[in-house]
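Good morning, colleagues. Please turn to the structure on the screen, and I shall begin with its aromatic rings.

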Amino acid sequence: ELDAIVREAESLGNIPLLLAARVALARAELRAGKKARAVEEAGKAISRESGLDGGENLFQARLLRGLARTGEAKGDATAGDLMEALQTFEKIRSEMTDPSAFRTLLGRVDLRSDLKDLSKGLQQAGKTAEAERVAAWLR
């Protein structure tokens, strides 16, 4: 069903829907253990998003691509994707002028789960200080 949504969004030229659908498809592929497909779909979302302002879809796509590469011989690529995900999230954070907005953002269950995965992935990639910074946001 997600493939159909991606095709429909692409045919309509609905970029926000297309990005969200590609991220959802990458997440589903990763959960199904299809890491190569997850990397592919996340990469497609990243390439479409790169011309835009970034944001949450870009954060999630970079995170998912990094997580899909975890455990492979692509340690540098994994760390690079996860560091880019962290940088994207930090950009989102820096654009929030109201401190309570960041606390509200961190209160979202889906985002907390992504940040926990980011912290764990950074730790596995040897980026201990960065992993701790992400973990501190969750406390």
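Rings of Phe, Tyr and Trp, the last by its six-membered ring, are taken as a pair if their centres lie within 6.5 Å. With that criterion, ring pairs join Phe59, Phe89, Phe102 and Trp137 into a cluster. I should state at once that this is a predicted model.

How many aromatic pairs does the structure hold? It holds four. One of them is formed by phenylalanine 59 and phenylalanine 89, with 5.3 Å from centre to centre and 50° between the planes, a tilted arrangement. This pair connects distant parts of the chain: phenylalanine 59 belongs to helix H4, residues 56–69, and phenylalanine 89 to helix H5, residues 75–94, with the two positions 30 residues apart in sequence.

Are these two rings buried or exposed? Phenylalanine 59 is buried, at a relative accessible area of 0%, and phenylalanine 89 is buried as well, at 1%.

Phenylalanine 89 also pairs with tryptophan 137: the ring centres are 5.3 Å apart and the planes stand at 45°, so this pair is tilted. Here, too, distant parts of the chain are linked, since phenylalanine 89 lies in helix H5 and tryptophan 137 in helix H8, residues 128–137, and the two are 48 residues apart. Tryptophan 137 has a relative accessibility of 10%, and it counts as buried because the cut-off is under 20%.

The cluster member phenylalanine 102 has a charged neighbour. Arginine 93 lies over the face of phenylalanine 102, at 4.7 Å from the ring centre.

Let me now turn to the chain as a whole. The protein chain contains eight helices and zero strands. Its radius of gyration is 15 Å, close to the 14 Å that the globule rule gives for 139 residues, so the chain is as compact as a globular protein of that length. The C-alpha trace spans about 40 × 40 × 25 Å along its principal axes. Of the 139 residues, 41% count as buried. Among contacts between residues at least 6 apart in sequence, 50% join residues at least 24 apart. The accessible surface comes to about 7400 Å², and carbon and sulfur atoms account for 52% of it.

Finally, a word on confidence. The chain has a mean pLDDT of 89, and 93% of its residues reach 70 or more. Among the elements, helix H8 has the highest mean pLDDT, 97, whereas helix H1, residues 2–12, has the lowest, 74. Where pLDDT is low, predicted coordinates should not be read in detail.

Definitions and conventions
Residues numbered from 1 in each chain as written. Predicted model: local features only at pLDDT ≥ 70, side-chain atom pairs only at ≥ 80, totals over all residues. Heavy atoms only, no water. Phe/Tyr/Trp six-rings, centres within 6.5 Å; stacked < 30°, edge-to-face > 60°. Helix = DSSP H or I, 4+ residues; strand = E, 2+ residues; numbered from the N terminus. Buried < 20%, exposed > 50% of the residue type's maximum accessible area, 1.4 Å probe, protein only. Lys NZ or Arg CZ within 6 Å of the ring centre and 35° of its normal. pLDDT = per-residue confidence, 0-100. Rg over C-alpha atoms; globule rule 2.2 N^0.38 Å. Contact = heavy atoms within 4.5 Å. Areas by Shrake-Rupley, 256 points an atom, 1.4 Å probe, with all protein chains shown as cover.
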